[in-house]
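This report looks at one small chain, at the contacts between chains, and at the nonpolar core. Please keep the structure open while reading.

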Amino acid sequence: MIEPSWIAALGAILFGVGLLGTFYHKNAIVVLMCIELMLNAANLNFVAAALHYGDVNGWVFTAIAIAIAAAEVAIGLAILLSLYSTQGTISLDAARELRN
Amino acid sequence: MTSELDGIDVQLLLPELIMTIGLVAIIIFPNLGDARFRIPLTSFRLPVLIGGTRFAATRDPRIPNRIALATLLTSLIASLLALFDPPESGLIGRSLEVDQFSILLSNVFLAVLILCTISAAQRLPADNRAPIPSGEDDAESESAKTTALYDNRRQADFHILLLTLGLGMSLMAKSTHLFMLFVCLELASLSSYVLVGFHKETGAGGEAGMKYFIVGSVASAAGIYGMSLLYLWNGSLAVEDLSESWRSMETLDPLAASGVGLMLVAFGFKVGAAPFHLAIPDAYSGASSMVAGVLATASKAMGFAALIRLLVIIAMPMTGAAFWFVTLAGISVITMTWGNLAALSSENPKRVLAYSSVAHAGYMLAAISAIGSGLAGQTGTELILTAVLFHLCVLVLFKMGPFMVLSSIEREGGSHDFSGLHGLSSRDPLLAASMFVFMLSLAGVPPFSGFLSKLLMINGIVTVSAGTGGASTVLSWATSVEPVFWLAVAVVLNSALSMFYYLRIGMVMFFEPNEGESGSPVNPMVRGIVVTLAILSLAFGIGPSSELLIGFAEDAAVALMY
Amino acid sequence: MALPHMLPENASEQVKRISRNICMGVALALLAISTWAAATSFSDLAWKSLDFGDFELKNSPVSLIPQIGVSWHVGADALSLPMIWLTALVVPLSMLVEWDAKKGHYFHPLLLVMEGAMIGVFVSLDLFVFYVFWEMTLIPMFFLILVWGGEDRRYAAMKFFIYTFTASVLMLIGILVMYFNTGSSLSERTFDMLVMLESGDSMTEGLRHLVWFLLLIGFATKMPSVPVHTWLPDAHVQAPTAGSMILAGVMLKMGAYGFLRVAVTAFPGSTVVFTPLLVALGMASLAYGAWVCMGQSNLKRMVAYSSVSHMGLIFLGIATMQPLGIAGALFMMFAHGIISPLLFAVAGAFKHHYHTLEIGSMRGIAHHSPWLAGHMMLGWMASLGLPLMAGFVAEVAVLIAFWMTFGWWVMVPALTLIITAVYYLTSMQRTIFESNDPHEGQMPDTLHHEPRDITWHENAGMIILGALTILFGILPFFFWDMMSHWSTEVMTDLLTEAMQSEGVRP
Amino acid sequence: MGGTGNEYRLLMPLIPALLIVPVLALAGFESVEVAFLIVLAPLVSFPIILISGQLYNGNKTWKHSLKEGGVIALSALLVSLTTASWIVIDYIRGAREITKDASGRTAASWWDWISFDVLLSDYSLSSERVIGVGVWIDSVTLMLLFVATFLCFLICWFSLGYMNTDPINENRNHRFYAEFVLFAMGMFGMVLADNFLWLFIFWEIMGLCSYLLIGFYFWKESAAYAAKKAFLTTRVGDVFLMVGLLILYDIYGSLEFSVIFEDPSIGGTVDSDKLFWALIMLFIGAVGKSAQFPLHVWLPDAMEGPTPVSALIHAATMVNAGLYLVARMVPFVDIGGNGVAGLDDLGLIVAYIGGITAFMAASIAFVQNDIKKVLAYSTMSQLAYIFTGLGVSLWFYNHGKTDAATLVFGGSMFHLFNHAMAKGMLFMASGSVIHEVHHAHDHLHEGDDGHDHHDFDPQDMRNMGGLASKMPVTSAAMLIGSMSIIGIPLIGGFWSKEAIVAKTWKASLDYEPLMMGPAILVLLTAGMTGFYMSRMWLMTFAGEPKHQVIEHVHESTPWIKEPLLILSVISALGGFGLSVLGIVKWLAKPYNYDLGINEQSVIEQVIYELEHAFLPDDPNLRIVGWTTIFLSLVIGPIFAARVHGGGLADGQRANPLISWIATLSGKFGSQDVTEMSQSSLSEALQNRLYFDHYYELALSKTVIPLAALAAWFDKRVVDGIIRRVESNSVLGSVQIRRITTGRASDYILMAAIGALSIFALAWGVSG
């Protein structure tokens, strides 16, 4: 069996990658994917902890977190779609009407 | 998570249940029609009522608004009843607890949502006789007609989102389990993202929604990751367990500390703390004003409730300063200064209010960080929590108020720079006077409630620190006193700084000549509400009514702590 | 004594005149009440025999916000009574002076609100309520300046508000620290002034000094003392006449009043230790203010700086640590409260009738406005400390005490009296004299009609003020005796002990 | 103006005023009890005149029957005069109803002005101290009181003629009379005050009135300027005086004469250095008020005021206040009494200031052409004489030479009396001249549009000459006045001036070589006085008219002649008469000397006085005395006659004595002084020795730039900081808003950085 700490380490790496990706990429879809990575990093941690403590709650958390992520993606895509319909692009930096 | 909903629990969760019912009602009711389902093989058509040609009553686009209002009012009444007559035992399983704290916050949320709904009736009008554009119209009137129709169509959407937001927030306040708390928070957040970007036909709406969503998602992803770290550390996410483990922890576990730190990011975004606040002004100015008002009051209250639970209840060591004390103090000073400075030269009233909201978050963070200094003790903590909760309550009055005023001129396209406010005093003196009262209250001028709440917070900070510092000269005292004391100084200096833009709004209303529009921009209902809010901001500033509210806040603080 | 309770908001009156008359009536009623209160000081000697810390007309505290120990608690003693009377006097007079001005129906109610707040400051014995009233005075004054002010009124109003607000929030911290030290638990703590003033005992010395200092910032800004005075000239120049009169006549006194009532009474030790600072501030205000006055070309600005200069004497008087000096400071507050409204009424009348305030843009107006010239002469002379006018009594008392304590340093305030004379006389020479024509004055370029003398109501207001100035100059003992008594009490009860423990010789 | 007979009907209202005192006396009041009337009467009439003047301005009755308030003023002053006379008479009669204290002075207290406590150096409180108001009467008081009330009354009388007939004053005279009575109130109050503070208070009131009256013609730039100058210059002195009072209060814990004079040395424990400085400060105040060097610059300019004002305030009364104050210093230095030793430097300083001023003023008077300016400098010079005398007296007192001190003190005070009478009259006479010349000029140019109206100066003596025949009363009065001032033997001022000069020399020769300076200066000044007074008289009245206007001069205005006549008599005979009555000793030693003929017969007394004046025992003094007489009687006038003398024009008739003098003056030949008048010395004198110039320069180089600097500093630095804070906040605001770039990725970056730093921090502080 895989050591929970390894899982957690993978989670940490995923989180790091996701966080870096969020501000490195300008494409909104890619950023959304990076956010998913971060959420999944959390999921890995939950799984690891559930393994470690033998606590069933961890699995439940994971399941719910996946659901949350799905909802978030759905809403995110909807928002991006509407943005696309007015701006014609989904580049994060293109929308700069509101500033200062 | 094993308990069942028995009678007592139903009563405890009455507001949320009402909201849920209302939610379903909004979804279903407008869709009622004469649709019939022919039972296969027979000619018997069973009326299924969903779909088909809608009835006259259900066709009315104003229905969702009314249902939402009725739902929220009923919930509020239920919630208020609970406030005055607190239930004996509030525990529902391990994840929810109804106590004075959550009831007070529920009231705040519901009040905000009611105000928002009332405002929405004007900002997002539903016209059951909206004309259909014909080819003869010119471009302008055609687009107006289109918008009107459009607004009719999305009445239900808007109010559904409002109710989900309310449900999420209300449940969040009751959560005693971190994961539950987070789920509710997400429910509220996701609704609020959509609400911000609700006016998707305008570029600004979409843009604001996108920014708020992206930054918010990153923050909550960090938060959920932080939470997972806490879970890794402790194996349980119940607040009680976490708190106990934390207290028994001998040295600070990095896992725990970073878990709390990352959750701080998520909640920091909710309350608008620097440096996570950058999307806030954009979101406020892109969203319609009443939504911005909700973000600035209810959403912020939600963030603070979570923050308090996390920091004060969980991450507080038995003795000494909490590890987050310096961090939070630094954040608070940066936040308030940033907010006030940025508001100083802004030309957009919504952005000014957004920055002012950021600044207020800074004040409250300063108060909370005073608890983190570890000097507060029971009394000090109670005092500060009372102050923060009181501030969150009265914020509804004088923060939602101006947003309602802005919302009323927004329809005319006037909330994006100060010129929209020009001559408001001649158009509607009562409205302008109320707005001025709100500004003074925000600035913390006696005798308005903003002063009392700010005073309570500063008092809390001073109380924590005034006993320290022991030397005999001013200079050595100043070097030996706890740095917390300087937070109080920072708060008052910032209040002084903020005076400038608050007064500016007042002046713009009173002394710039009116251009264009004439006549009051609001309907009597909204005006009545706004004036009531202004009167209440005075009433809660001094006298017996403030006594009552402080009493509630105090009870809430006590309930939260023990 | 619930004077502020008696203030109805007459703003709802739609007819300007009705509003004005009602306000005047209320103001006069207040004047009558406070005069009656003051008159008891002449008839029976209760005011003089009050011990320190005792108050007449005191009510039993009514709890307002019990959670933090706020209560409605008012009273008056020899320190506040003259101020209350002054407030009740200056407000109706300022209404009288602006009787005919087209001001709209909010104007007089605002003055009345102002009066209520100021009286509230003077009577409240609860520091929370005191602070609330203190800040409440800002709002009507802000509007007075903003709505009825001069050209640059926005800047002035903002500056006035923000400047004094900043200072008073710093003061608020001081008050809160004092509050914290009134008890060890929340339920014991109170804002009741009588209890709070004892709170200094439980503080460390450094904290006492710090709190004293914070209070000083708040009060000195209001007074105002150099170097935090610059809001005053701007506010005065832009404010309408009535606003200036109240501002100079009463609002500035709130600073000195608060300093004596709170800072000195609660922290006698710090006051004694920091007398050099007080002297420095007082000297700076006095001398520097006078020099700045001389460099001004705007009549109202000059008068405003002269207020700065005169309020410097109050600090000097307190710093002498002599009953005589403190009584002199108190009398200065009172005297300046009568004289400066006169000065501003004159300056306002100038603006009203000649449409300019530039010194030298008109000459010889004594030809056209003999009454105005006469009042100007009277006011200016009173302000420069001519004997038999109220200001002189205070000046001489402070200086006598000052010599006793500081010796030859007295030359600074004394020589400043010359400077004061220089700027007043020069401004008079260049406005009411020197037309070079036995029958005509030189009019400012902006004036396109034949100027008239002041109207009857302006005249009446100024005559009353002038007469009082002289009355209190010749017969100062009406208020002097109770002030002197109070000063003696404050010395024996507080300051002497503090001086002994700090090792300061009288 | 109406006929003369008609005019004097206006005196009817004076009758009730005259009756007040007899009524009070009959009612059983004592004179001291009603002393407050002296102050009260003018005080009450002040607002009456001022306000009714404003209300009834232009009204016929007001203008003609009440002389725009003049009659009211006159009545009030009459009340003061009668009351004062009553007190004087009571006092001289030695009426024992006037209760005297141990030192023979009378004090009465009216009310407590302010009362207070003082914290003593052992932290205990003193008993309650009071500064009250009351009267203090001794012989000096009485003399000055009489001079003041008498001259005020006469000059007010004179003003009825002088002021009310000048069209320029029309409808403005109420202001004049109101200020006049206010001044009178101040003067009376100052003289009567029983403590230094109230002395100072009334002193300042006089200063105010002086300011107001000099600026009576306020529209004239020169008048407004002169008024300001007068006020400010005296204010400088006053401030020092006030500091002196502060020190005195600190020493004695009181400012009451009765307390201080009881024992000025406080049993020998007084700090004499401190006292010395207090007295010096008082003296600076006196210097300012009495226009002595170096604060003398205001007095000549003060002649911008109407002539009655010059007569009253700037010659006869107010300027004596300084002398009065110095006279009050005697108890401090009188070591024969309880005085403090070691204060003799004070006497020296006073004497030097006096000597310098006397000489300087006399020399400047040489070149003045304005008749009032000559008199002004003469005033300054004569006051300086008195200062010298007082200085010498103080010196003597402090060395225990009480007899000599008494004599010179009495002499000085007596000179004050003589000078006040004579100078008051001289000013009125000059006023008469100016008035009539002006009148004649107006008459002559009635038809003109007034083209050369402004070229002609009715005060310039170069336009006069030969007026003796036109104005017999005036010329005679002026002659007697001049003689009194010059010190022509047997007339007025001779008796007192002789005493001053002699005692100054005595002090320098016998005791203190340093006194030589003032001694020489006063001696020289005696001769110079002879010159400039003669010059003035000769230029005005002798010789031939130098301007056509003079031909039309008539001495016709009512109200003007009577005071001249009365004062002429007093000037001519008063000096001798009063010295015979022993006034010199009476003034100096009130407690053991009553005025009047004591143990000797009149003849004996007369012979004693004459012998004392002309043939003193001390041979040195004999030389000094005769030198003085020679210089003032012979050298000065003869030089004046050589330059300006000349007989009257043919056909002009005047009173024989006067025409003889005029003719005599023509007999000394003539001397051309054109060259001399162009010398640099003359120019310096014309420019008043450049004092005004340098004062102005110093002020414009220091005060004005400093004021501008202060204003600049306040605006740019003190307020600048505030504005800088403000603008920097706005600037910072713009900067900080720029961080909100609008790019979502930047927001995420910031949030991520924040998150990472919190993460790092948490990781760092833990474990």
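## Chain A and its neighbours

Chain A has a radius of gyration of 17 Å, where a compact globule of 100 residues would have one near 13 Å. The radius is taken over C-alpha atoms, and the globule rule is 2.2 Å times the number of residues to the power 0.38. Along the principal axes, the C-alpha atoms of chain A fill a box of roughly 50 × 25 × 25 Å.

This is a predicted model: local features need pLDDT of at least 70, side-chain atom pairs count only at pLDDT 80 or more, and totals for chains, interfaces and linings use all residues. Residues are numbered from 1 along each chain as its sequence is written, while chains are lettered from A and ligands numbered from 1 in the order in which they are written.

Chain A has 3 helices and 0 strands. Its pattern along the sequence is α-α-α. Helices (H or I, at least four residues) and strands (E, at least two) are DSSP runs, numbered from the N terminus. Of its 100 residues, 46% count as buried. Buried means 20 or more other C-beta atoms within 10 Å of the residue's own, exposed 12 or fewer, and partly exposed in between, with C-beta atoms placed from the backbone.

Which chains share the most contacts? Of the 5 pairs of chains in contact, it is chains C and D. Two residues are in contact if their C-beta atoms, placed from the backbone, lie within 7 Å. No contact joins chain A and chain C; their closest C-alpha atoms lie 24 Å apart.

The C–D contact takes 58 residues from chain C and 46 residues from chain D. Elements of chain C that give two or more residues to this side include α13 (275-294), α15 (323-354) and α20 (477-502). Chain C also meets chain B, with 33 residues of chain C in contact with 36 residues of chain B. There α7(C) gives the largest share of the chain C side, 14 residues.

The table sorts both sides of chain C by class.

| Side of chain C | Nonpolar | Polar | Charged |
|---|---|---|---|
| touching chain D | 39 residues | 15 residues | 4 residues |
| touching chain B | 24 residues | 6 residues | 3 residues |

Ala, Val, Leu, Ile, Met, Phe, Trp, Tyr, Cys and Pro count as nonpolar, Asp, Glu, Lys and Arg as charged, and the others, Gly among them, as polar.

The largest nonpolar core has 761 residues. Such a core is a set of buried Ala, Val, Leu, Ile, Met, Phe, Trp, Tyr and Cys residues joined through C-beta atoms within 7 Å. Met38(A), Val265(B), Ile368(B), Val181(D) and Ala751(D) touch the most other members. Leaving aside neighbours within four places in sequence, Ala751(D) contacts residues of chain B, among them Val265(B), Phe269(B) and Pro275(B).
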